[in-house]
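Here's a quick tour of one chain and its ligand. Have a look at the model first, then read on.

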Amino acid sequence: MEKVSPTFETILGENPSATILIHLEDIKQEGNIVFPYAKVASQPVSGSALFWFNQFSDGGVDDVTKHGICPLSFGEKWVAKKLILPKDSFLGRHCTLRKNERHQFPVNGKYFQKRPEDAHKSVRKSREGPTFPKGKKYHKYSVISLNGMTDLVQLEWRLYPRLKEIYHTNLDATRGTFRDELETKNRDVLMYFQNFEESTKKLVEKLEDLPHNDVKAAKKVSLNPVAVYKLLSRFHLYYFPWILDSPHVGNNIKLQIVSLVNRFYSITDGPSEVDYEDAMFIILKIQFVYDLDVKDVAAGLIDGVDSRISLNALDCFLIGKLGTSKKFFTSGIEWLEHSLYLTENTSDNSVRIEEVYDELANAEMLHDKELPQEKFPKYHFFHNPLSEIRNRDQRITGKSMMYQELEANITESKNYDNMLWGVCRGKIQQTNEQKSKLFCWYEKEIHSSYKIGPIKAEFLSIRPYPDIVQFYDVLSDRAMEDLRNYGQENSFRIVMSNGEFDPLKSAIIGSEDKKLAYLESARTVGSMNRLSKLKALKPSSRLPFYYYAYPPGTARGRHYDGEIPNVDKYVASFIFYISDVEKGGETVFHRIGLKVTPRKGSGIYFYNFHSSGKINPRMEHASCPIVFGEKWIVARDFFESEQHHLQCHLKPEGIYEIIVNGQSRSRYQ
Ligand SMILES: O=C(O)CCC(=O)C(=O)O
Ligand SMILES: [Fe+2]
């Protein structure tokens, strides 16, 4: 008999609802029927039968039913098979099933309860519901929408006390074994309460009196990446299964919960599966980029700031599993190991130990299989196959390697991502000598519409000529509020991703200012022009004015503002910070070791090119991930082709220099 690779059951091109297979022969060792996705095999025992459903309740094919037969070295194997087609409609329970639900087997007439701790597995990837929106729209409760998480926090604050009331009222009205049964059926509701309370008690004053009408309080929670992850995980682990598994016949608590939730919330508003993954990846990304100990992050300490929420073994397990599934082995395995640590050494039993062991073993195997042959594989990988080194201390992650390599020769290093993270982490800085040359002054020749009088300016880098300046307090609070409101009303999602899971090349959101726009911008641009002391630097009418809002965990990868292929060049850039950031989110010019703290009301200005048209490599920049809080910027670039007047003052290889009160500083130094 030929070896058969696993396939789905089909008959005349149709996919049967269920299969009954009877073994007509005893065969030892060989000829097993194997379901590799379900990880089960059945040995042919004469007279025994197998029964399985091939489809979900909505007719979709269940991947887990792919199967095949192991080859026989000699002899024959006989089976009898009955395929049940959808038209046979033998499924009496059909009317009680929701879309995409897996059929269950009754045992002696009873259906098994799902283990609450397995709830994380019950929401399938292809479940009905929102898919991750691409392009210009995002759904209401997207993890990187501007207000989505704040709204979701408020929604949960409204739901929680009502859910508690439903639970206790129903339980108090029930007696004896009925009460026990009700309690057992709703263990997950109790776990939900515990999860919510644990992750909320330190964020609000009183759990009994949640400030659900206080947008500011909810916003604060939504700017905490751990709170956001926990919030999304509760929707994923509890609310979604409750809604999708409905109706809960005979279970008054769930019936009332689902009816209440459906009144306030529609599952199509998100958060989607991708949002949930984003929320996990955000934590992993912050931990990786800032080189934090998983143990600290899980205990609620993020780069010296208290997140006020701890992560349990299941959280660490899921974050680690996501990381390794995206081939981010170094951090992923760290998270899995911490999950194992919690499971083994504490009373935390939120995930089963065998499951963690399995996942770790899988991840290590996959790592070794995928490990590139290069001498210094990228930061996703350890340097050596893990099967060779069991001792964690000897694994040497990309992180530790990076400092060895960079310390060897910072200026010559071509590993710019490493350099960038080194600057975000504060491990790489300008030298003391470079810093000692920096200075600040008051720009006097300014007649900005926003501010009259001298403006404080500071060079952030002088090497050998001044190339980045920060102007302080150039926008009034009122102007910034208007800009933020405008950005907010007109925002859409921009995903800046190259499809890889590079931690610094992923999403931010933003908006493009088109019209109003220009009025607001014109004044700001006017102020930029004066500030740059090139009074005639012309803002382009062809270019929009960009707003970017970065929620926690988002970042911007390395780039030059410079070129739009075949069109033009942005000779200079102005970035205004229109919010402070609680933690993280600095603008980094990694090649010169510079990290700029976003200060509300200030702006930075720099030229991207030399006058010869060559890009100035020192001006490559990025944004570190936001850790806590939110970062808002308004950016504006200037087209080179519209600045003819500049050309005649410059030699072909000249530099565009930022001058101080009308005078060149490099000439006088
Ligand atoms: O957000 C930042 O700090 C940098 C933004 C930036 O580089 C840009 O808008 O081009
Ligand atoms: Fe930029």
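Two strands, β24 (621-623) and β26 (631-639), each give at least two residues to the shell around ligand 1. Strands here are DSSP runs of E with at least two residues, helices are runs of H or I with at least four, and both are numbered from the N terminus. The full shell is Arg556, Asp561, Ile575, Thr587, His621, Ser623, Ile633 and Ala635, where a residue counts if its C-beta atom, placed from the backbone, lies within 6 Å of the molecule.

This is a predicted model: local features need pLDDT of at least 70, side-chain atom pairs count only at pLDDT 80 or more, and totals for chains, interfaces and linings use all residues. Residues are numbered from 1 along each chain as its sequence is written, while chains are lettered from A and ligands numbered from 1 in the order in which they are written.

Now for a helix pair.

| Helix | Residues | Contact residues |
|---|---|---|
| α5 | 225-244 | Pro225, Val226, Val228, Tyr229, Leu232, Ser233, His236 |
| α7 | 273-289 | Asp275, Tyr276, Ala279, Met280, Ile282, Ile283, Ile286 |

Contact means C-beta atoms, placed from the backbone, within 7 Å. By class, the contact of α5 with α7 has 11 nonpolar, two polar and one charged residues. Nonpolar covers Ala, Val, Leu, Ile, Met, Phe, Trp, Tyr, Cys and Pro; charged covers Asp, Glu, Lys and Arg; the others, Gly among them, are polar.

As for the chain overall, it has 18 helices and 26 strands.

Definitions and conventions:
Axes are lines fitted to C-alpha atoms, for helices over the stretch in contact, and angles run from 0 to 180 degrees between N-to-C directions. Two residues are in contact if their C-beta atoms, placed from the backbone, lie within 7 Å.
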